[in-house]
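Open the model in your viewer and keep the selection box ready. Each stop below gives you something to select and says what is there.

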Amino acid sequence: MGVHLVSDVNVKPVSDYAPEDAALLCSVGRLICAWTMLEQSLEAKVGLMREGMGDVRTVGARTRPSMSKLMTELRTMVAMRDRRNASALMEISAIERDMQRIDRFRALIIQGFQQPEAGGFACRDPRNNRIHVSLDQLDSEISALEEVAQRLLAV
């Protein structure tokens, strides 16, 4: 009673991607790198704000804190710093909404990637709907992510 594999499943190894797919693979990598850079920027921002307030603890000494924990801490510190100015808190809320939207897009790409197609690639969302993502759309989300990082550092 061994395990029987389905022999007619057509799975393309990454090494077989055509040179025209290089832009796609590069863009997916850029999206992942941009998100990681956002996480690191947020962590550094929270660390600098802690130092400025006299707290010398390191951010995430044991485990790396999640984005939501870092955003909560940032919101708390900004609220303490700008007690009479709610505009910074409103900007943080707007940044969080943008980050959540981009994170859903990122999860779609990472978890739902199916195959390259003309001008982009196919994905499956959590409900198994087929979605075409264009390279322009991917580039737009990467730009939005970089803009969010700049807005976050300016808070």
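This is a predicted model. Start with the sheet.

**Stop 1: the sheet**

Select the three strands. They form an open sheet in the order S1-S2-S3, and the pairing is antiparallel. Colour the edges next: strand S1 (113-117) and strand S3 (130-134) each pair on one side only. Neighbouring strands here are turned by 25° against each other on average, direction ignored.

**Stop 2: across the strands**

Now add strand S2, residues 120-124. Its pairing with S1 is antiparallel and runs over four bridges. Which residue of S2 is the bridge partner of Gln-115? Show side chains and you will find Ala-122. Stay on Ala-122 and look towards S3: opposite stands His-132. The S2 and S3 pair is antiparallel too, and counts five bridges.

Follow the chain from S2 into S3. The two strands make a hairpin, with five residues between them. Select Asn-128 in that turn: its phi is positive, about 70°.

**Stop 3: the helix over the sheet**

Select helix H3, residues 87-112. Helix H3 lies across S1, S2 and S3. Its direction is at about 90° to S2.

**Stop 4: a helix pair**

Keep H3 and add helix H2, residues 67-81. Two packed helices are described by the angle between their axes and the distance between the axes. For H2 and H3, the axes come within 9 Å and cross at roughly 170°. Angles over 145 degrees count as roughly antiparallel, so H2 is roughly antiparallel to H3.

Show the contact residues:

- From H2, pick Met-67, Met-71, Leu-74, Arg-75, Val-78, Ala-79 and Arg-81.
- From H3, pick Ala-88, Leu-89, Ile-92, Ile-95, Glu-96 and Met-99.

What kinds of residue make up the contact of H2 with H3? Colour by type and you get 10 nonpolar, no polar and three charged.

**Stop 5: two residues of helix H4**

Move to helix H4, residues 135-154, and select Leu-145. Is Leu-145 buried or exposed? Leu-145 is buried, because its relative accessibility of 1% falls under the 20% cut-off. Leaving aside residues up to four places away in sequence, Leu-145 touches Leu-31, Ala-34, Trp-35, Leu-38 and Ile-102. Draw a C-alpha to C-alpha distance from Leu-145 to Asp-103: the two are 9.3 Å apart in space and 42 residues apart in sequence.

Next, pick Glu-141, also in helix H4. Glu-141 has 12% relative accessibility and so counts as buried. With residues up to four places away in sequence again left out, Glu-141 touches Arg-101, Ile-102 and Phe-105. Ile-102 is thus on the contact list of Leu-145 and on that of Glu-141.

**Stop 6: the cysteines**

Finish with the sulfurs. How many disulfides does the structure hold? Zero. A disulfide is a covalent bond between the sulfur atoms of two cysteines. Select Cys-26 and Cys-33 to see why Cys-26 has no such bond: Cys-33 holds the closest cysteine sulfur, yet that sulfur is 9.1 Å away, too far for a bond. The cut-off for a disulfide is 2.5 Å.

Compare the surroundings of two cysteines before you close the session. Cys-26 is partly exposed, at 45% relative accessible area. Cys-123 is buried, at 0%.

Terms used
Residues numbered from 1 in each chain as written. Predicted model: local features only at pLDDT ≥ 70, side-chain atom pairs only at ≥ 80, totals over all residues. Heavy atoms only, no water. Buried < 20%, exposed > 50% of the residue type's maximum accessible area, 1.4 Å probe, protein only. Pairing = 2+ DSSP bridges. Axes fitted to C-alpha atoms, helices over the stretch in contact; angles between N-to-C directions. Contact = heavy atoms within 4.5 Å. Parallel < 35°, antiparallel > 145°, perpendicular 65-115°, else oblique. Nonpolar A, V, L, I, M, F, W, Y, C, P; charged D, E, K, R; others polar.
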